[in-house]
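Biologist: Could we go through this structure together, beginning with the ligand?

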Amino acid sequence: MSTDAIIIGGGHNGLVCASYLADAGMRVKVLEKNEQIGGPASTEEFHPGFRNSVGAYTVSLLNPKVINDLELHKHGLKIVERKVNNVFPHSDGNFLAFVHGRNELKKEIAQFSKHDAKQVDRFFSDIEMVSDQIRSVLLETPPNAGGGFKDVLRTAVLGNRFRKLNVDEGRVLLDIFSKSVSDFLDYYFKDQRVKAAFAFDGLVGTYSDTKQAGTAYVLAHHAFGEVNGKKGIWGHAIGGMGAITQSMAAYAQTKGVDIEVNCAVRRVVVKNNEAVGVELDDGEIIESSRVVSNLNPALLFRRMINASNLPEEFNRRMANYKNGSGTLRMNVALRDLPDFTCLKNHKRATEDHLTSGIIIGPTVDYLDQAYKDAEELGWSREPIIEMLIPSTLDDSLAPPGKHVASLFCHQFNPGLNWDVHRDKAARTVINQVEKYAPGFRELILGQQVLTPIDLERKFGLINGDIFHGKLSLDQMFSARPILGYGNYRTPINKLYMCGSGTHPGGGVTGIPGHNAAREILKDR
Ligand SMILES: Cc1cc2nc3c(=O)[nH]c(=O)nc-3n(C[C@H](O)[C@H](O)[C@H](O)COP(=O)(O)OP(=O)(O)OC[C@H]3O[C@@H](n4cnc5c(N)ncnc54)[C@H](O)[C@@H]3O)c2cc1C
């Protein structure tokens with residue numbers, strides 16, 4: 001029996017899209033190439049007895065509507081807050097902690113700069129205003145360029161909403177969408193350590209220094225989320241990020257979605273400019289009334305569809321679709337908790353600080369040098385590293401008394417031959433942590449290393465791009481992935497996109513899947 005929709009890829013957006021389609025009565029099949037669903041939002045046993053999130057490692061952006069509609073809590077999802085947001089160790093043995101509570105944060109920052117502490121309220125007021133604007137369009141389908149009268153009307157409605165902002169707010173929005181994170185932060189902060197702590201989010205998943213235009217938006221992209229109703233903070237899903245996708249799959253299955261794993265799709269079958277099914281790696285053809293891709297657009301259009309089925313200009317644009325985060329991701333199994341010098345040295349450190357994202361990236365110069373080195377040498381000998389130790393919040397991940405840590409490392413040149421350099425780069429990361437937490441190396445019982453090429457091979461993340469394409473102005477909103485196809489549709493009839501390469505981009509949000517399903521159902 002032919003299905004109503006095949007979803008290529010069982011990433012979280014594929015599962016969300018499948019769930020909404022099945023909710024509306026469609027017969028849906030999800031085809032996932034790996035042995036488990038979830039893509040980078042999955043949990044693996046990477047060392048005997050030690051489990052951790054494989055790619056994504058922390059939750060905030062997951063949309064509350066998706067959580068409610070798919071009854072994720074009822075299907076096992078539990079999210080807990082970090083007790084301290086972030087800690088930034090410094091080479092002089094001090095640290096800056098982003099603690100909860102505005103006044104407490106101001107006190108921390110005042111230790112480094114009284115001026116900067118006074119700017120904190122203004123900064124957060126601006127970021128919250130920007131986040132509210134971003135939130136207001138997250139669940140909308142962007143107006144489609146060349147889409148006709150309805151889209152012109154929707155553009156006007158959208159424009160009218162922004163018209164209600166006052167001039168100061170308009171300026172901040174313009175800054176966010178046009179400036180580098182360094183220039184943006186100059187309006188608020190002077191101290192290089194304080195600035196670096198805020199700038200870090202502008203570089204996450206972005207192969208860049210702090211000076212490249214567009215990085216201010218990346219900072220804002222990491223601020224629109226919430227945990228259990230508390231805005232702008234990050235948390236941990238008990239059981240790792242796989243708990244999110246497992247709860248999505250559980251919901252989808254209650255709606256009759258058929259999920260097949262170990263089932264790689266080789267190509268989309270197109271007849272008379274219409275998607276009619278897919279061909280699997282083993283040559284089997286599965287027919288369907290429509291095909292929905294959860295894949296990076298470059299993977300779908302460059303590798304799974306014959307170029308002759310697509311307009312020439314579309315192919316030209318897709319050939320230049322920008323991918324590549326410069327991300328290296330490690331998991332380590334630890335016999336004990338690491339001993340950060342800075343946390344030992346200071347009375348204001350508590351054990352709660354070990355539940356935070358511990359970010360080695362102490363100054364703006366350090367952040368910028370990491371990119372410079374990556375361009376020249378492949379990666380920095382002093383890389384940017386965020387360490388999260390989720391086992392401090394979740395005892396399901398490691399044996400009693402032992403721990404797991406995620407290492408999320410930035411500015412590793414996506415173009416390097418990582419099969420040659422993988423081990424050396426991983427050693428650099430461990431050596432760098434060792435400088436801030438002596439004895440760390442000796443604690444490691446086992447490790448998993450995913451370089452950009454490993455992320456591509458494992459999940460289809462082209463060039464290791466964690467967002468399915470750079471979050472730059474030319475690849476956002478109506479232009480994601482390409483202007484004219486920002487509404488989850490493609491040049492091929494009955495072929496849709498539902499992954500992070502569509503609005504509003506990457507992160508474990510569930511939003512592309514949600515919005516794509518709505519558009520697919522409109523065309524039914
Ligand atoms: C290292 C790393 C760290 C990250 N950290 C965070 C974080 O902490 N928080 C956060 O919110 N986001 C984070 N992200 C981003 C986030 O994980 C992704 O943006 C998001 O998971 C993408 O979801 P998706 O459903 O759009 O696509 P994917 O999850 O990529 O789904 C695509 C699916 O298709 C499958 N597939 C590929 N090729 C085929 C094929 N030929 N046939 C069948 N199936 C195929 C893949 O295996 C995958 O399951 C991180 C990503 C990475 C890589």
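Modeller: Certainly. In this predicted model, α1 gives the most to the shell around the ligand, with 3 residues.

Biologist: Which elements each supply at least two residues of that shell?

Modeller: They are α1 (12–23), β16 (327–334) and α17 (452–459). As for domains, domain 1 and domain 3 each provide at least three residues of the shell.

Biologist: And which residues come nearest to the ligand?

Modeller: Of the 39 residues around the ligand, those are Gly-9, Gly-11, Gly-39, Ala-56 and Gly-460. The shell comprises 18 nonpolar, 18 polar and 3 charged residues.

Biologist: Turning to the largest nonpolar core, which residues touch the most other members?

Modeller: That core has 143 residues, and Ile-7, Cys-17, Ala-18, Leu-21, Ile-244 and Val-292 touch the most other members. Leaving aside residues up to four places away in sequence, Cys-17 touches Ile-7, Val-292, Cys-498, Gly-513, Ala-516 and Ala-517.

Biologist: Now the backbone. Where does Gln-411 lie, and is Gln-411 buried or exposed?

Modeller: Gln-411 belongs to strand β19 (residues 403–412). Gln-411 is buried because 28 other C-beta atoms lie within 10 Å, and 20 or more are required for that class. Its phi is positive, about 70°, although Gln-411 is not a glycine.

Biologist: What about Asn-262, buried or exposed?

Modeller: Asn-262 has 11 C-beta neighbours inside 10 Å, so it counts as exposed; the limit for that class is 12 or fewer. Asn-262 also has a positive phi, near 55°, and is found in the loop between β11 and β12.

Biologist: Which peptide bond involving Pro-481 is cis?

Modeller: The cis bond joins Arg-480 and Pro-481, with omega about 0°. Pro-481 lies in the loop between α17 and β21.

Conventions
Residues are numbered from 1 along each chain as its sequence is written. This is a predicted model: local features need pLDDT of at least 70, side-chain atom pairs count only at pLDDT 80 or more; totals for chains, interfaces and linings use all residues. A residue is near a molecule or strand if its C-beta atom, placed from the backbone, lies within 6 Å of it. Helices (H or I, at least four residues) and strands (E, at least two) are DSSP runs, numbered from the N terminus. Ala, Val, Leu, Ile, Met, Phe, Trp, Tyr, Cys and Pro count as nonpolar, Asp, Glu, Lys and Arg as charged, and the others, Gly among them, as polar. Domain bounds come from an automatic or database domain assignment. A nonpolar core is a set of buried Ala, Val, Leu, Ile, Met, Phe, Trp, Tyr and Cys residues joined through C-beta atoms within 7 Å. Two residues are in contact if their C-beta atoms, placed from the backbone, lie within 7 Å.
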